[in-house]
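Q: Could you take me on a close look at the largest nonpolar core of this model, and at how the helices around it pack? I would enjoy one connected walk through it.

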Amino acid sequence: MGTLLEHFRATGVTFEARAGGTLRAIGTLTDVARAIIREQKVAILAELAANDAAPVLVLAAASPPNTEASRPIATREQEAELRELVARVSAGWPNNEPTEALAAALADPVAALECYRYLAADLPPAPRPTYTLATTLPIDERDPDDDRRLCTECANLTPGGRCLAARRGEGPAVYGASRDYVPILGQLGRCAGYAPRASDPDQRSGTKRWPSLVEDAQRYRERALRGY
């Protein structure tokens, strides 16, 4: 028996493969189950075919009706995970179906998490988020005595969120950061590799703004050469 068939047996669903490559699901189906069956139809048919003997799989008794009074309430953590999982699994579905699937998942969070975690495990890893260089805290709204800057205000930050100064062996790389260093974008700081954008009223580079960083970097190099 295939993995999908074993998974659905616990929910009380009967599958029947029909002529023409169609699939019939018998039993009490939630919207979440329908969405999963639609997404995995080909795989379910393949598992049924691999069973050779019987196209009809007799499963456990159907789940009890899910009434309003018996519906579990999703915790904040469950809701956050379900929103992420449904978004990944439902990518490419028709416009209204992801919203309907999420609503159904939140109505039965425990079963939905089991189903969507299973489906998401077969998906490629979620892409690393990219950052737009326009989403920064306005400099003129900060404490005027705070001379720190965000990495998003530095011309050395690529659209993909990597540090060009570190790539060149400067700035963070002086202190041991990788050449592929990805900085914490929402954190204020001081960096010798800082290169101001045109929007910064102070156009000095990081080495001129914070000369002590150059001295610190030199001491770090000397300690590294000595091995301590």
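A: Happy to: what follows goes from the core itself to the helix contacts around it. Please keep in mind that this is a predicted model.

The largest nonpolar core has 28 residues. Those with the most contacts inside it are Phe 8, Phe 15, Val 32, Ile 44, Leu 82, Ala 105 and Tyr 116. At least two residues of this core come from each of α1 (3-9), α2 (31-39), α3 (41-50), α4 (76-89), α5 (97-107) and α6 (109-120). The most is given by α6, with six residues.

Ile 44 is a good place to start. Leaving aside residues up to four places away in sequence, Ile 44 touches Leu 4, Leu 5, Phe 8, Phe 15, Leu 23 and Ile 37. Two of these partners, Phe 8 and Phe 15, are also on the list of residues with the most contacts inside the core.

Now to the pairing of α4 with α6. These helices pack at an angle of about 40°, and their axes are 10 Å apart. α4 and α6 are therefore oblique to each other, and α4 passes α6 in a left-handed crossing. From α4, the residues in the contact are Gln 78, Glu 81, Leu 82, Leu 85, Val 86, Arg 88 and Val 89. They meet Pro 109, Val 110, Ala 112, Leu 113, Tyr 116, Arg 117, Leu 119 and Ala 120 in α6. By class, this contact of α4 with α6 has eleven nonpolar, one polar and three charged residues.

Next comes α5, whose buried residues are Ala 101, Leu 102, Ala 104, Ala 105 and Ala 107. These buried residues pack against α2, α4 and α6.

The contact of α5 with α2 can be followed residue by residue. The two helices pack at an angle of about 130°, with 8 Å between their axes, and α2 and α5 are therefore oblique to each other. On the α2 side are Asp 31, Val 32 and Arg 38, which meet Glu 97, Ala 101, Ala 104 and Ala 105 in α5. The residues of this contact divide into four nonpolar, no polar and three charged. Val 32 and Ala 105, both part of this contact, bring us back to the start, since both are among the core residues with the most contacts.

Notes. Residues numbered from 1 in each chain as written. Predicted model: local features only at pLDDT ≥ 70, side-chain atom pairs only at ≥ 80, totals over all residues. Heavy atoms only, no water. Core = buried A, V, L, I, M, F, W, Y, C linked by side-chain atoms within 4.5 Å. Buried < 20%, exposed > 50% of the residue type's maximum accessible area, 1.4 Å probe, protein only. Helix = DSSP H or I, 4+ residues; strand = E, 2+ residues; numbered from the N terminus. Contact = heavy atoms within 4.5 Å. Axes fitted to C-alpha atoms, helices over the stretch in contact; angles between N-to-C directions. Parallel < 35°, antiparallel > 145°, perpendicular 65-115°, else oblique. Left-handed = near helix turned anticlockwise from the far one by under 90°. Nonpolar A, V, L, I, M, F, W, Y, C, P; charged D, E, K, R; others polar.
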